[in-house]
Amino acid sequence: MSLPPVEPWVVLAFSAAIFFVGLFGLLVRRNLLIILMSIELMLNAVNLTYVTFSHQLSSMAGQMSVFFIITVAAAESAVGLGLVIALYRTLKTVDTDEITLLKD
Amino acid sequence: MTAINPIAFYLFAGVALAFSVMTVLRKNPVSSAFSLVMVFFSFAGIYAILGAHLIATLQVLVYAGAIMVLFVFVVMLLNSDSPSFDFRRTPALFRVAAGLVCAALFVLFVRVFKNSPPVLTPGAFTAEAVDAAGGNTRVISELMFSEYVLPFELTSVLLLAAIVGAVALAKRHSVAKPVSKKGVAHVAATR
Amino acid sequence: MLKLIPLFPLLGFLVNGLWYALIQSRPGAKKAGSTVTGGLASLAILGSFIVSVKVFLQLRGMPEASRVIEETLFSWIQVGDLNVPMTLRVDVLSTLFTMVISGVGFLIHVYSIGYMSHDETPGKFFTYLNLFCFAMLMLVMGANLPILFLGWEGVGLCSYLLIGYWYTDDEKASAGKKAFIVNRIGDLGFLLGMFLIFTTFQTLDFVEIRAAFSNSPTGVLPAGVTFETLSAIGLLLFVGCMGKSAQIPLYVWLPDAMAGPTPVSALIHAATMVTSGIYLVARLNFLYSLAPTASVVVAGVGAFTAFMAATIAITQRDIKKVLAYSTVSQLGYMFLACGVGGYVAGVFHVITHAFFKALMFLGAGSVIHGMHEEQDIMKMGGLRSKMPQTFLVFLIGWLAISGLPPFSGFFSKDEILWLSFASMKGSKVLWAMGAMTAVMTAFYMSRLFFLTFMGKPRTHEAEHAHESPFVMTGPLWVLAILSAIGGFMGIPPVISEVFGAHDINWLAHWLNPVVPHHVELNPGTTHAMEWALMGLSVLGALVGIFVAKGLYRDLAKAESLKQKFAGVHNILTNKWYVDALYDAVIVRPLVNFSKFLWRGFDVLVIDGFVNGLGRLSAWTGNAARVMQTGSVQTYAIMALLGLLITVGYLVYGLA
């Protein structure tokens with residue numbers, strides 16, 4: 001079996017697929033933890049587009065961006081999870097259906 | 001631009017797609033978390049195929065390692081595995097709407113990716129050039145401490161802020177101001 | 001040096017005004033008396049009078065053709081082609097006006113010190129009065145139309161402030177408003193005329209406009225200018241003059257303006273402000289003499305106003321109202337003169353009228369002062385012995401305005417009458433109206449004089465009237481002397497020839513560089529005719545005086561005559577029903593239309609629209625509240641829908 005080499009747009013399409021799977025999870029799940037995981041999925045999808053462009057354009061800027069994104073993502077999940085814990089302690093739940101402070 | 005190995009790519013991509021769907025749809029947060037780990041590993045593989053070796057390594061270290069440990073730790077800590085978290089609980093109309101919006105946007109994106117040629121001119125860092133310069137890691141490291149030294153240093157500030165923020169958020173706030181040494185000791189003991 | 005002339009009143013205005021506004025107007029603060037504030041204001045005007053005289057002497061020392069002093073203070077407006085420098089210019093015409101304004105103004109200021117001695121806020125009064133003098137001086141000294149307009153509006157403002165000076169009286173406040181609003185109508189015409197001048201001549205400077213005529217290739221009209229344009233300019237500017245100088249149909253404000261303090265009536269509504277229309281026409285005489293239509297209108301309106309106002313004056317009982325209608329009538333004379341080409345005669349009458357009418361107003365003020373604010377002449381009588389000084393000066397003013405030689409009114413009025421008959425632009429109709437007006441003027445002034453000073457006191461107040469202090473009678477005497485001899489500055493050649501002198505009409509020669517005294521006369525007019533007309537008008541004046549004397553020596557006669565002509569008397573008492581007509585034709589429809597706009601448009605449409613907007617947003621808010629679930633995910637999907645639309649448009653819409 002010999003497949004033709006993968007075109008860059010296929011990689012980009014794949015990363016878009018992961019991105020929208022994550023987005024879908026973000027929209028439909030009600031568990032804050034899963035929502036955070038979906039956000040991680042989306043971040044990874046974006047990273048992949050960066051690396052793909054870096055590959056496609058023979059430029060290091062994309063990979064440098066990914067490096068910084070990973071750093072920010074680490075910070076983000078630390079703070080995000082901290083928020084989840086704080087929220088849980090206040091409201092005794094991580095269910096977004098019950099967290100409707102914006103309405104009240 | 002070197003050609004991308006199709007077999008390795010489709011393998012990793014398939015695994016990643018399958019486990020990402022599982023991450024989103026699994027009822028149990030722990031299984032979601034472990035599916036996510038699989039996605040991260042597959043991504044590391046794809047990075048490697050694309051020649052981004054340092055990023056692949058960092059992906060394994062930071063995402064699959066540190067961040068995932070954090071997630072699993074919090075999941076265990078909250079231990080809130082209840083049926084109410086099932087995504088099926090959200091209204092059907094909402095689920096259909098979300099799915100349709102995501103699918104439509106996906107179609108649009110793919111169309112753009114497929115039909116729009118890159119407008120930027122290729123840079124100097126071809127695979128051969130990178131190899132000649134001593135490999136991906138070396139090139140990135142040199143760039144990091146020359147051209148990108150300022151953002152790099154700023155990142156450390158960001159991380160510090162994140163640490164402080166995380167500690168401040170996770171810290172249990174005492175209900176009342178400690179009025180005496182005894183009160184302070186009591187709060188400390190309950191921690 | 002020129003800038004000192006308006007600067008003194010401006011300083012007086014600032015000092016008095018700031019003193020009043022910052023210190024005296026505070027609750028409980030002690031008000032300054034009229035001696036201090038009035039003295040300050042009078043000194044300021046005296047200063048500008050002295051400078052005016054110096055400027056006049058300086059001009060006299062110059063060769064006749066170049067008698068102009070100009071001073072540019074700063075560049076005022078500079079937009080595109082329009083360049084309006086703040087330039088003061090005094091030439092032979094304006095120097096007369098500055099001297100009259102500051103001279104008569106000074107006398108009236110001094111008089112006011114006595115007249116306003118019982119007033120509660122003399123500081124405010126003299127502030128306004130000084131501001132008025134400043135604006136009036138700017139009006140006559142401005143080198144271009146915008147500066148003139150600045151003064152024009154300034155005097156209008158001061159007029160409004162001073163008519164409604166006792167603003168707690170509703171009637172007086174409305175009189176002020178009426179003056180202001182009626183003047184606005186005229187100002188619209190003035191502005192339009194100014195715009196038309198700028199588009200026609202590309203300049204607003206008087207000298208430059210005049211140069212356009214003298215440099216014209218055809219010798220008559222500047223290039224690209226038609227007689228129609230000139231007539232339009234002349235008519236539009238005359239609309240402004242109608243408002244400011246109280247001509248038909250815009251004269252209605254002046255009689256009401258008598259609600260102000262009497263010195264104000266004397267200064268603003270007799271001697272100076274109301275003559276600014278004549279100043280404008282005389283200043284632009286080169287333009288009016290080439291605009292036949294405008295000239296005919298000016299002469300016609302002037303003659304008709306003179307006639308009508310005189311008829312109304314016959315029946316008025318308020319001493320100030322009689323003088324007010326008399327002023328309207330005399331202003332009509334001046335426009336009649338300008339309309340038939342006798343600009344010099346018009347300016348001459350402005351000056352003599354300033355003397356004798358200011359004198360009569362101040363005399364009337366003295367009477368009112370002595371009678372404890374009584375203005376009805378029917379309640380006076382026999383004041384001759386109670387107020388001898390006022391009686392004497394009023395006598396002189398009465399003779400002057402009646403047109404008896406050798407008092408000043410005779411010369412100026414006679415010149416106007418002669419020109420309205422003999423000028424190419426004149427006609428027998430104009431002369432007849434003017435002559436009848438002269439007879440009526442003599443009649444109603446005699447009526448006023450006899451009812452006030454002669455006979456027996458008819459009321460308790462009249463018996464106990466007291467003479468005014470010297471600070472009031474002093475200025476009266478100065479004005480009386482001027483009224484008596486002021487006419488000699490313009491002795492017509494026909495008289496001087498008798499005495500063997502060549503031509504000693506000083507005024508005409510003096511004004512010649514700016515206002516040519518030559519008037520195109522009808523062929524076949526002779527000196528004999530001039531003498532005949534002169535005799536006729538003197539005779540008419542004497543007839544008017546003796547009829548009045550016969551009627552009002554015994555009031556019963558006047559009463560029976562009044563019964564006989566009750567219909568005519570009614571019409572005249574009600575001022576030809578002009579105010580009622582305006583009320584019915586203009587004011588009430590306007591009020592009703594405004595009410596319709598208020599109820600129909602404002603309440604229904606505007607308010608309905610605004611309230612409807614409020615209701616609409618409340619309704620949409622209620623409808624949209626359903627969307628606000630508080631769930632971030634719902635918000636997110638909405639944001640994504642927006643994103644979908646945007647990206648969809650970018651991908652498919654733009655392709």
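**Contacts and cores in a predicted model**

Reader: How many residues of chain B are in contact with chain A?

Author: This is a predicted model, in which local features need pLDDT of at least 70 and side-chain atom pairs count only at pLDDT 80 or more, while totals for chains, interfaces and linings use all residues. Residues are numbered from 1 along each chain as its sequence is written, and chains are lettered from A, with ligands numbered from 1, in the order in which they are written. Two residues are in contact if their C-beta atoms, placed from the backbone, lie within 7 Å. By that rule, 62 residues of chain A are met from chain B by 71 residues.

Reader: Is Ile5(C) buried or exposed?

Author: Ile5(C) belongs to helix α1 (residues 4–24) of chain C, helices being DSSP runs (H or I, at least four residues) numbered from the N terminus. A residue is buried if 20 or more other C-beta atoms lie within 10 Å of its own, exposed if 12 or fewer, and partly exposed in between. Because 32 other C-beta atoms lie within 10 Å of Ile5(C), this residue is buried.

Reader: Which residues touch the most other members of the largest nonpolar core?

Author: A nonpolar core is a set of buried Ala, Val, Leu, Ile, Met, Phe, Trp, Tyr and Cys residues joined through C-beta atoms within 7 Å. The largest one has 202 residues, and the members touching the most others are Val347(C) and Ala358(C).

Reader: Which helix gives the largest share of this core?

Author: Domain 1 (1–289) and domain 2 (291–569) of chain C, whose bounds come from an automatic or database domain assignment, both contribute residues, so the core lies between them. Its largest share, 17 residues, comes from chain C, helix α15 (residues 343–370).

How values were computed
Helix = DSSP H or I, 4+ residues; strand = E, 2+ residues; numbered from the N terminus.
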